[in-house]
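Student: I am new to this structure; could we go through some of the terms used for it, one at a time?

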Amino acid sequence: MQSCLKMVDCIIEVHDARIPLSGRNPVFKEALGLRPHLLVLNKMDLADLREQQKILQHLEGAGWRNVIFTNCVKDENIGQVIPAVTELIRSSCRYHRGENLEYCVMVIGVPNVGKSSLINAIRRLHLRKGKATRVGSMPGVTRAVMSRIQVCERPLVFLLDTPGVLAPRIESVETGLKLALCGTVLDHLVGEETIADYLLYVLNRQRLFQYVQHYGLGGACDDIESVLKRVALKLGKTQKVKVLSGTGNVNVVQPNYTAAAGDFLQAFRRGQLGPVMLDGDTLVTCTETHS
């Protein structure tokens, strides 16, 4: 990414709108920080944005004045990106690229926040063309800095897609769980049941009980094993296990907790459990600090 910087006029950092204040990679700013920088908070359709103004105030206090919320599925606010980028570039030094007529923009971010989806959405809007980069619901689809992708004719804008890069050190266990919940690391590396346990904690703490209706449960519950057992039985996600008894091996049908946890996580990531703000506590703390 650094070796490509000499051809870059602006950086677009894409992040998940459900964790607007945590989980971003600080190394980006250190390594690529001189260029004009636009922060795009994607997946806004999955985030509870009732406190959007507080989020923007907090980001502005941390030096992030250029922020756009987007939804690449419905192309919400995608039309704001290129005008914002061109304005940033025109009002800054172009780093010895003054003679170049086209603009080159690098798209960065942690894994699975929608970088490739954003590029495709901008291209779809301005060029009326289909996908230029592969997208996927798992981290790691983009593995190298891609060649330049044209996304706009007037002005002539090219974007560089890059692999998702997590910070070398995650600042806290909770930040790590938020990142895992948003799918920025492969589920099995943290453990589906561990992430599902954190999700249940978040939903219950914020009194978001849509999961009860979604799975037809009797009521809210804070015991993840009990919830996953009911989810597994509801979805028919069971497995036969051999148990040694006094009379020999007996086949017993048991709930498949991992499969149930996987379904629970996917329901959250598809927005079927309602919009959620995972940085709600951070927002409250920031507000108390500033008041």
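**Terms and values**

Tutor: Just after α5, G183 takes a positive phi of about 80°. This is a predicted model, in which local features need pLDDT of at least 70, side-chain atom pairs count only at pLDDT 80 or more, and totals for chains, interfaces and linings use all residues. Residues are numbered from 1 along each chain as its sequence is written, and side-chain values use heavy atoms, with hydrogens and water left out.

Student: What makes D222 exposed or buried?

Tutor: Exposed means over 50% relative accessible area, buried under 20%, and partly exposed in between, with a 1.4 Å probe and protein chains only. D222 has a relative accessible area of 68%, and is therefore exposed. D222 is found in the loop between α8 (210–215) and α9 (224–235), the helices being DSSP runs (H or I) of at least four residues and strands runs (E) of at least two, numbered from the N terminus.

Student: Why is V250 called partly exposed?

Tutor: The relative accessible area of V250 is 36%, which lies between the two limits, so V250 is partly exposed. V250 is found in strand β8.

Student: How do you know that β7 and β8 pair?

Tutor: Two strands pair if DSSP finds at least two bridges between them. Strand β7 (residues 238–245) and strand β8 (residues 248–255) have eight bridges, in the antiparallel sense, and they therefore count as paired. A hairpin of two residues joins β7 to β8, and S245 stands opposite G248 in β8.
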